[in-house]
Amino acid sequence: MNWNQVEGNWEQFKGKAQAQWGKLTGDDLDVINGNRRQLAGKIQEAYGKTEEEADREIDTWLGRH
């Protein structure tokens, strides 16, 4: 799956993202609205990760869906 599919179906993926990154709130996910950079930024803020770590987590998550 590629990110364009996630972005286009964000409403369906919000629950999966929240299951993966439980510290992200519904409001966070609404702000992200399918934007990968926004998601990476919120993961960095919530979990104290580097940009590279957040990107790797997103890639792994994307590979599972």
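Me: Before anything else, what's pLDDT?
Reply: pLDDT is the predictor's confidence in each residue, on a scale from 0 to 100. This is a predicted model, where local features need pLDDT of at least 70 and side-chain atom pairs count only at 80 or more, while totals for chains, interfaces and linings use all residues. Residues are numbered from 1 along each chain as its sequence is written, and side-chain values use heavy atoms, leaving out hydrogens and water.

Me: Ok, which element has the lowest mean pLDDT, and which the highest?
Reply: Helix α1 (residues 3–8) is lowest with 93, and α4 is highest with 98. Helices here are DSSP runs of H or I, at least four residues long, numbered from the N terminus.

Me: And what's the mean for the chain?
Reply: The chain's mean is 95, with 100% of residues at 70 or more.

Me: How do α4 and α5 cross?
Reply: The axes of α4 (residues 36–47) and α5 (residues 51–64), lines fitted to C-alpha atoms over the stretch in contact, come within 9 Å and cross at roughly 120 degrees, on a scale of 0 to 180 between N-to-C directions.

Me: Which residues meet there?
Reply: With contact meaning heavy atoms within 4.5 Å, R36, R37, L39, A40, I43 and Q44 in α4 meet E51, A54, D55, E57, I58, D59 and L62 in α5.

Me: Switching topic: how many aromatic pairs are there?
Reply: A search of the whole structure finds three. Rings of Phe, Tyr and Trp (its six-membered ring) pair if their centres lie within 6.5 Å; planes under 30 degrees apart are stacked, over 60 edge-to-face, and the rest tilted. The W3 and W61 centres are 6.3 Å apart with planes at 55 degrees, so that pair is tilted.

Me: Where do those two sit?
Reply: W3 is in helix α1 and W61 in helix α5, 58 residues apart, so to speak linking distant parts of the chain.
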